[in-house]
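Good morning, colleagues. I would like to take a few minutes to go through the structure now on the screen, beginning with its charged side chains.

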Amino acid sequence: MLLSISYPDRNLRLIAIPLWGFLYRNIGEVASFGQLLKDPQYYLDLGVSILVTFLIWELNRFFILRFDKKYSWVTQALPRALIQGATCFGLSSFIVLMVTFVYNTYLAQRHPLFNIEIVFMTDIPMACMFLLVMHLLYTGMWLRVYHQQVVEGLQDRISSLENPITLSTNLSTGRSLRSLLVNQGKAQVPLNLEEIAYLSVAGDLCVIRNLQGQSFTVDQTLEQLEESLPGSEFFRLNRQIIAHRQAIRKVETDGSGRLLLQLNPAFSEEVSVSRKKANTFKHWMIGQSE
């Protein structure tokens with residue numbers, strides 16, 4: 001199962017990157033912390049350590065997101081671990097080696113005291129240890145989302161087996177409806193269902209937007225339209241929007257199990273499907289009934 005996850009890691013990065021940079025600079029330091037605080041060179045070292053940590057973290061995060069789209073931790077764990085490990089740890093070690101050498105030799109001018117063997121004995125192993133922790137954290141987040149989706153799928157399946165007559169929450173009636181009467185100025189004009197991108201609530205109005213980006217109002221509520229539109233083509237995403245399948249351009253999973261949708265034409269606010277309806281929506285997207 002491939003998951004495109006929007007990782008909830010903003011706070012993690014804000015805390016972990018400076019902490020990692022601080023530890024990376026200070027582990028193995030023989031001078032006391034008080035002595036270091038009096039040395040101007042220490043602050044430059046610390047700044048460079050945090051900057052390099054930021055670059056390495058973002059590089060690894062970039063590859064993790066790419067590998068999420070190609071390899072599953074459930075069905076392709078070994079090839080993913082080998083490819084992701086070789087790519088991320090190899091590139092990160094090269095960056096640590098080059099930055100450490102250039103910084104100490106040319107910027108900090110520690111050439112007489114700098115020994116490249118120390119980089120291989122301490123800096124690179126330390127960086128790899130931190131990277132291992134980082135990758136385990138992201139793998140844990142991936143598995144958490146996967147577990148949530150499996151559980152929700154089983155719950156939906158159990159519900160459908162317990163009550164097979166109950167219709168799913170998507171639209172189901174109005175199979176013969178072909179168009180809607182929409183307001184255009186002071187007149188009303190028919191709008192074919194195939195031209196509709198989505199219907200939304202704007203205050204007390206129900207607004208219809210077509211595939212060309214034009215907006216119309218209609219003298220019906222979203223609930224009334226929900227009862228009349230064909231469920232094979234329209235889905236009630238949330239309380240605010242009913243969307244036609246052709247308007248859905250991209251679907252992503254966030255860390256909580258919700259689905260985040262990108263519509264075309266773009267909607268002015270975030271469009272999401274709740275965790276409870278996520279599996280029903282996925283079945284509807286591929287044309288399956290639960």
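K250 is partly exposed in this predicted model, its relative accessible area being 39%. Its side chain meets that of E252 in a salt bridge, at 3.1 Å from N to O. E252 is likewise partly exposed, with a relative accessible area of 25%. This pair belongs to a structure in which a full search finds 11 salt bridges.

Let me turn to a second pair. R25 forms a salt bridge with D45, and their closest N and O atoms are 3.4 Å apart. The two residues are 20 apart in the chain and link distant parts of it, R25 lying in helix 1 and D45 in helix 3. Are these partners buried or exposed? R25 counts as buried because its relative accessibility is 15%, under the 20% limit. D45 is also buried, at 5%.

The axes of these two helices, residues 10-26 for helix 1 and 40-68 for helix 3, come within 8 Å and cross at roughly 130°. Helix 1 is therefore oblique to helix 3. The crossing is right-handed.

A further salt bridge joins R13 to D9, with 3.5 Å between the closest N and O atoms. R13 is partly exposed, at 22% relative accessible area, whereas D9 is buried, at 2%. Both belong to a salt-bridge network that also includes E58 and R61.

Finally, the nonpolar surface. F94, M98, F101, V102, Y106 and L107 form a patch with about 610 Å² of accessible area together. F101 lies in helix 4, residues 77-107, and is partly exposed, with a relative accessible area of 32%.

Conventions
Residues are numbered from 1 along each chain as its sequence is written. This is a predicted model: local features need pLDDT of at least 70, side-chain atom pairs count only at pLDDT 80 or more; totals for chains, interfaces and linings use all residues. Side-chain values use heavy atoms; hydrogens and water are left out. Patches are made of residues with over 30% relative accessible area and no salt bridge: like charges are joined within 9 Å, nonpolar side chains (Val, Leu, Ile, Met, Phe, Trp, Tyr) within 5 Å. Accessible areas come from the Shrake-Rupley method with a 1.4 Å probe; for residues, only the protein chains shown count as cover. A salt bridge is a side-chain nitrogen of Lys or Arg within 4 Å of a carboxyl oxygen of Asp or Glu. Helices (H or I, at least four residues) and strands (E, at least two) are DSSP runs, numbered from the N terminus. Buried means under 20% relative accessible area, exposed over 50%, partly exposed in between (1.4 Å probe, protein chains only). Axes are lines fitted to C-alpha atoms, for helices over the stretch in contact, and angles run from 0 to 180 degrees between N-to-C directions. Angles under 35 degrees count as roughly parallel, over 145 as roughly antiparallel, 65 to 115 as roughly perpendicular and the rest as oblique. A crossing is left-handed if the near helix is turned anticlockwise from the far one by less than a right angle, and right-handed if clockwise.
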